[in-house]
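Visitor: Please show me the structure, and let us then discuss how its residues are packed.

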Amino acid sequence: MMQPEHITIAGFKTLGSRDAYGVALVALGKAYPNLYVLTADCTSSVRAELFAKEFPERLINVGIAEQNLVSIAAGLAIEGKLPFVTGFAMVMSMRACEQVRSDIAYPKLNVKIIGTHSGLSMGPSGTSHHCTEDIAIMRSMANMTVVVPADGLETARAAYAMAAWDGPVYMRLGRSFENTVSDFDYSFELGKAVVVREGSDVTLIACGEAVFSALEAAKILAAENLSSRVLNMHTIKPIDQDAIRRAALETAGIVSVEVHNIFGGLGSAISEVVAEECLCPVRKIGVPDIFAGTGTAELLREKLGITPKAIANAAKTLIELKKSRVR
Amino acid sequence: MLENQDLLISSLELQAKEIRKDLITTFFKGHGGHFGGCLSPIDVLTALYFHTMKIDPKNPKLPDRDRFILSKGHASVGLDCVLSAAGYFPKEWLDKYGSLDAPITTHPDMHRTPGVEMSTGSLGHGICVAVGMALAAKKDNLKHRVFSLIGDGETDEGSVWEAAMTAAHFKLDNLIVITDNNQLSMDGPICDILSLEPLEEKWQSFGWAVRRIDGHNMKEIVDTLDAIPFEPGKPSQIIARTIKGKGLKLAEGLSSWHYGSLSEVDMQKAIRELDGE
């Protein structure tokens, strides 16, 4: 069994989520002799070539046929295999959506779906290759766990946790290197948010690559003597309701950050908890329900306002709002 | 030999008739069902479960059993009648059809009904799952077979052809797919909606070994199933020409009986007609 201590900071810190996944797969392949990796003509793009080299018999490439890919995974799972179905996020969540829902989630088969190149990471390729809907789609399926690791190091931890988890899991990965935010000792648990920065004035909750942006925003706020708590909410479902509750009760409000549509993703999930239990203002930073356009991922995030400056401004608005109510 | 074969065929025909009676009764008690598509494949299903497949109804997860996936999931109650006749569960369970969270379902549920390998219902999925199971068997060098029944209307779905290409590519000669070619879908004759012919040539060009049979001629069904795999290294396709609603005279050949309900008078008449054969 691959143990968390084998996932060293030194070993994974310099890898982005996609590359870390590729490395972790090899270790998992050794630990789980029934683990199969399935791809749809994108073995190298999803970094499964290391696994393919080590365990050629356990890499199944079905060609560009994602619906068949997912159903085949169901068949393998019924026969006792542990399928890791890996492809681009937009086809895993949309082209094969019904198969994920009806063949994996509904019968609760132990299949893991990994969507790479998520968010706007495919920048210049345009909307057809962006994926700003996958969190919304996947979390709306019963029996599906949804995890969005923040960096390469956390991806390795998440991959391990996913392999040990009994049931369907969707893991959302990026494309390029994500700045490291997880290089400290914490216990990765599906469903438990990670406090990456302590604070008390306002809370910033982010997932994936946006966690780094939130930490940068916290620095901007600190320079103005404003203290922000930053949470890495890697598991969107089941969401850490406790962490949200505490943020709502203990700070001025929550700014959620994600490279995903503001409808249906992390921000929506947080709003659901807040609305039911512990009202506090929530500002959602994300893709503002438009198709982003073309450009590098960085330029697109700038264009859409998914930046540390925008996050900090939203946080200041919440702090001001609380002050004006208290007066 | 001939005598034994005749006995085999007669007993399978009798079994199929009893299953048709169970189906008609079950749908009557449950106030409706997919008569058309459940009745047409009964002869093929009977041959599979009572002659061809290695199974153990008392041990539905027998490791080296042959597997069957009902890809045309709306024939679920038809499959359930076959499974109960084979002994997977008591016949009384059929009376639960139509009640809340029953073990007899309009579309198969692998967690509720013993003998059901996979939950299906949406067309075009089951055959792909069957490909996955056949692939797993090849990977582990296991000798059991994987059977799947698809509808001819179902063959409109693109994923069916994804499965077809994959099965041929991976040389899955342990996979046998039967098409219930009853020539009708919900809106009418499939030749009017989306023509499939030449269907045999299509499967052949996708790398399958294909045979076409009369899906109600038990001898032809048995002889054909006895010959699988038709060619080593190729998956097998049996296109079974059937009549939608076969066995319920007032429904035979009518697309309007894709889903319907029977009055008590018509149900009793139907049972008598089957007994009179």
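Guide: A residue counts as buried when its relative accessible area is under 20%. The model under discussion is predicted.

Visitor: What percentage of the residues of chain B count as buried?

Guide: Chain B comprises 10 helices and seven strands. Its accessible surface amounts to about 11000 Å², with 53% belonging to carbon and sulfur atoms. Of the 277 residues in chain B, the share that counts as buried is 58%.

Visitor: Why does the radius of gyration of chain B agree with that of a compact globule?

Guide: The C-alpha trace of chain B spans about 50 × 45 × 45 Å along its principal axes. For 277 residues, a compact globule would have a radius of gyration near 19 Å; chain B agrees with this because its own value is 18 Å.

Visitor: Which helix contributes the largest share of the largest nonpolar core?

Guide: The largest nonpolar core holds 138 residues, and B:F68, B:L175 and B:W203 have the most contacts inside it. Nine residues, the largest share of this core, come from chain B's helix α5 (residues 126–139).

Visitor: Which residues does B:L175 touch, leaving aside those up to four places away in sequence?

Guide: B:L175 is among the residues with the most contacts inside the largest nonpolar core. With residues up to four places away in sequence left out, B:L175 touches B:A130, B:V131, B:A134, B:V146, B:A167, B:W208, B:P235 and B:S236.

Visitor: How far apart are the mean positions of the positive and negative charges of chain B?

Guide: Chain B carries 29 positive and 39 negative charges. The distance between their mean positions is 3 Å.

Methods: Residues numbered from 1 in each chain as written. Chains lettered and ligands numbered in written order. Predicted model: local features only at pLDDT ≥ 70, side-chain atom pairs only at ≥ 80, totals over all residues. Heavy atoms only, no water. Core = buried A, V, L, I, M, F, W, Y, C linked by side-chain atoms within 4.5 Å. Buried < 20%, exposed > 50% of the residue type's maximum accessible area, 1.4 Å probe, protein only. Helix = DSSP H or I, 4+ residues; strand = E, 2+ residues; numbered from the N terminus. Contact = heavy atoms within 4.5 Å. Rg over C-alpha atoms; globule rule 2.2 N^0.38 Å. Areas by Shrake-Rupley, 256 points an atom, 1.4 Å probe, with all protein chains shown as cover. Lys, Arg positive; Asp, Glu negative; His and termini not counted. Charge placed at Lys NZ, Arg CZ, Asp CG, Glu CD.
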